[in-house]
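User: Hi! Could you take one part of this model and walk me through it closely, including what packs around it?

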Amino acid sequence: MINDFFWRPMTEHAVLIAGGGPTGLMLAGELALAGVDVAIIERRPNQELAGSRAGGLHSRTTEVLDQRGIAERFISQGQKYPSAGFGLIPLSISDFPTRHPYTLALRQNKIEPILAGWVEELRVPIYRERDVTGLTQDDTGVNVEVSDGSTMRAQYLVGCDGGRSVVRKSAGIEFPGWDPTTSWMIAEVHTTEEPAWGFRQDAIGTHAIGKHESADGVHAGIVLVEREVKSGGEPTLRDLSEALIAIYGTDFGVHSPIWLSRFTDMARQAATYRKGRVLLAGDAAHVHAPMGGQGLNIGVQDAVNLGWKLAQVIKRTSPESLLDTYHAERHPVAARVLRSTLAQTAMRRPDDRTKALNEYVAEFLSAEESRKRMVAEMSGLGVHYDFGEGHPLLGRRMPDLDLLTANGGQRVYTLLHGARPVLINLGEPGGIDITRWAHRVQSIDAQYTGKWDVPAIGEVTAPAAVLIRPDGYVAWVGDGTERGLADVLTTWFLTG
């Protein structure tokens, strides 16, 4: 890691990433796999986090990590729960067609060090204890002003610097949405008395106290609905004590806070994910209440969508216009998440009318078709990019099939470990010619005899061939001919 503060000429990289959280780390890894000179600017001295933060990985995010060959690093540290949730309604995911039919309970303070370890293996430099303070861009790059007084330069700058993103503000990108109507105080603290574990509901909402175990023993994780909406500043231990007394009649002797913060149901989304040579990903591009636990997950998936596209533009194997597909594909996904979290927040209101609504929604989601549709959405397995009319697989994530090849059995996701596109020919061996793209696209002849099952859709007709992008989404489906393949290859990977 880079920590020196001595004078040196302007530091240059092909890509600079502002922010070394999960989104920034994942993007750095994607670019490094593609051979791009990338570096991260991160304000923290190391990857340690105060508090546990986000609570887990959804199925599609675990699949994405599996596509890079690192999923087991996370799975071995987490706990599997065979459900996803909408509001407070648990929905079974155990019957979904994926190798990861579960939500992986793993806190962000565990997720980040694992990702950072992977990024370090890929030799990505991290400029620590520094913040981006401003930027100017021109036709060939971006000058990035850094808090240590230096200026760095990159062909592209990606803001992964959170909801208060300096990169977004400096680039002049608007952040429209909904102002907060509710705020929550969140804390991890030690107590001298046994807290009232579990949920408690009163006239202002649902509160919760749960057990957190760490190296220094058991402490309390607390989430409280605040009586008045507060959107600025961090709460104090006294604020927490007073709120606990108002709700529980005692503060349980809270002391030695590990983490104190607040969040709201504010929902905002960047008007554009790209302005010239500046791009946004993760919370810098979209913020919302944490209901459903989707924030970290869609940020990581933003990174995987953007990484290979930005790499191809940097390497001049694709035109700059390829970056426009990043906004076109990912903006609708986050917009849907914002709608989902607004609905889930509304369902947490404690009045009788909202209770009736919850009962009605729970009944609706108990129906098989409704459950599968909602689980596909909440887990990320149902993401569908609009690539036009065609086979149901088109624009959806590729299933991780067990293929039979000339070299024996092979999983589809193993073919994606290097973040390169792959054409799988399931018809006559050697029947598809992609010679012009052979140095960019892997081609493999294979057989598969099982059924093709797509989340929320069900069984679909077996294709004769599929072209899979580096992010794991199907860009072309063959019907036994090469019809349309050259055009699709040119669109995504240009010509040889």
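Analyst: Happy to. A residue is called buried when its relative accessible area is under 20%, and exposed when that value is over 50%. With a relative accessible area of 1%, Asn305 therefore counts as buried. This is a predicted model, and Asn305 is a good way into helix α7, where it lies. Setting aside neighbours within four places in sequence, Asn305 is in contact with Tyr326, Glu329, Arg330, Tyr385, Arg469 and Asp471.

Now to the helices that pack on α7. Two packed helices are described by the angle between their axes and the distance between the axes.

Let's take α1 to begin with. Helix α1 covers residues 22–33, and its twelve residues reach 17 Å from the first C-alpha to the last, close to the 16 Å expected at 1.5 Å a residue. Eleven of the twelve residues are buried, so by the cut-off above α1 is mostly covered. Among the buried ones are Pro22, Met26, Leu27, Glu30 and Leu31. Just after α1, Gly35 takes a positive phi of about 80°.

Against α7 (residues 295–314), α1 packs at an angle of about 25°, with the axes 8 Å apart. That angle makes α1 roughly parallel to α7, and α1 passes α7 in a right-handed crossing. On the α1 side, the residues that meet α7 are Pro22, Thr23, Met26, Leu27, Glu30 and Leu31. Their partners in α7 include Leu296, Val300, Ala303, Val304, Gly307 and Leu310. By residue type, this contact divides into eleven nonpolar, three polar and one charged.

Helix α2 (residues 59–67) also packs with α7, here at an angle of about 35° and with the axes 9 Å apart. The crossing of α2 past α7 is left-handed, whereas that of α1 is right-handed. Arg60, Thr61 and Val64 in α2 meet Asn297, Val300, Gln301 and Val304 in α7. The residues of this contact divide into three nonpolar, three polar and one charged. If you are browsing the α7 side chains, have a look at Val300 and Val304: they appear in the contact with α1 and again in the contact with α2.

For a contrast with Asn305, try Ala246, which lies in helix α6 (residues 237–248). Ala246 counts as partly exposed because its relative accessibility is 45%, while Asn305 is buried at 1%. From C-alpha to C-alpha, Ala246 and Arg227 are 9.7 Å apart in space, and they are 19 residues apart in sequence.

Key: Residues are numbered from 1 along each chain as its sequence is written. This is a predicted model: local features need pLDDT of at least 70, side-chain atom pairs count only at pLDDT 80 or more; totals for chains, interfaces and linings use all residues. Side-chain values use heavy atoms; hydrogens and water are left out. Helices (H or I, at least four residues) and strands (E, at least two) are DSSP runs, numbered from the N terminus. The expected span of a helix is 1.5 Å times one less than its number of residues. Buried means under 20% relative accessible area, exposed over 50%, partly exposed in between (1.4 Å probe, protein chains only). Axes are lines fitted to C-alpha atoms, for helices over the stretch in contact, and angles run from 0 to 180 degrees between N-to-C directions. Angles under 35 degrees count as roughly parallel, over 145 as roughly antiparallel, 65 to 115 as roughly perpendicular and the rest as oblique. A crossing is left-handed if the near helix is turned anticlockwise from the far one by less than a right angle, and right-handed if clockwise. Contact means heavy atoms within 4.5 Å. Ala, Val, Leu, Ile, Met, Phe, Trp, Tyr, Cys and Pro count as nonpolar, Asp, Glu, Lys and Arg as charged, and the others, Gly among them, as polar.
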